[in-house]
Amino acid sequence: MKCKMLVPLNLDICPNCNNRDFSEEWEGMVVIFDVEKSLIAKRLNISKPGRYAVKLRA
Ligand SMILES: [Zn+2]
């Protein structure tokens with residue numbers, strides 16, 4: 001939830017930010033390949049490539 005990265009449901013800790021707060025309520029998926037060139041990555045404050053949720057409904 002903290003970093004918006006989408007992780008497999010069988011993980012109980014986020015491999016990106018080591019946070020344990022997860023939400024199953026989210027909308028829109030983006031795949032970031034190049035953080036430097038992606039405007040979406042900048043807007044979502046993403047610093048690592050991966051799959052992310054655009055919007056979380058906490
Ligand atoms: Zn995270």
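User: How much space lies in the largest pocket?
Analyst: This is a predicted model. The lining of the largest pocket counts 16 residues. The space in that pocket is about 290 Å³.

User: Which element gives the largest share of the lining of the largest pocket?
Analyst: Two elements give two or more residues to this lining: β1 and β2 (50–56). The largest share is 3 residues, and these come from β2.

User: How do the residues of the lining divide into nonpolar, polar and charged?
Analyst: Leu6, Val7, Phe22, Ser23 and Trp26 lie nearest the centre of the pocket. Across the whole lining, the division is 12 nonpolar, 1 polar and 3 charged.

User: Which residues coordinate the zinc ion, and through which atoms?
Analyst: The donors are spaced C-x10-C-x2-C along the chain. Their distances to the zinc ion run from 2.2 to 2.3 Å. The residues and atoms are Cys3 (SG), Cys14 (SG) and Cys17 (SG).

User: How many residues apart in sequence are the parts that Cys3 and Cys14 tie together?
Analyst: Both Cys3 and Cys14 are buried. Each lies in the segment before β1, so the pair ties together parts whose separation in sequence is 11 residues.

User: Is Ser38 buried or exposed?
Analyst: Ser38 sits in the loop between β1 (26–32) and α1 (39–43). Its relative accessibility is 14%. The cut-off for buried is under 20%, so Ser38 counts as buried.

User: Which residue has its backbone nitrogen 3.1 Å from a polar atom of the Ser38 side chain?
Analyst: Ser38 belongs to the loop between β1 and α1. A polar atom of its side chain lies 3.1 Å from the backbone nitrogen of Ala41.

Technical notes. Residues are numbered from 1 along each chain as its sequence is written. This is a predicted model: local features need pLDDT of at least 70, side-chain atom pairs count only at pLDDT 80 or more; totals for chains, interfaces and linings use all residues. Side-chain values use heavy atoms; hydrogens and water are left out. Helices (H or I, at least four residues) and strands (E, at least two) are DSSP runs, numbered from the N terminus. Buried means under 20% relative accessible area, exposed over 50%, partly exposed in between (1.4 Å probe, protein chains only). A polar contact is a pair of N or O atoms within 3.5 Å; within protein, one must be able to donate a hydrogen and the other to accept it, and residues adjacent in sequence count only if both atoms are side-chain atoms. On a 1 Å grid over the protein atoms alone, a cavity is a set of points where a 1.4 Å probe fits but cannot get out, and a pocket is an open set with protein on both sides within 12 Å along at least five of seven lines; lining residues have an atom within 4 Å of a point. Grid points are joined across faces, edges and corners, and a volume is the space filled by probe spheres set on the points. Ala, Val, Leu, Ile, Met, Phe, Trp, Tyr, Cys and Pro count as nonpolar, Asp, Glu, Lys and Arg as charged, and the others, Gly among them, as polar. Donors are N, O and S atoms within 2.8 Å of the metal (3.2 Å for Na, K and Ca); water is not among the atoms, so sites may look incomplete.
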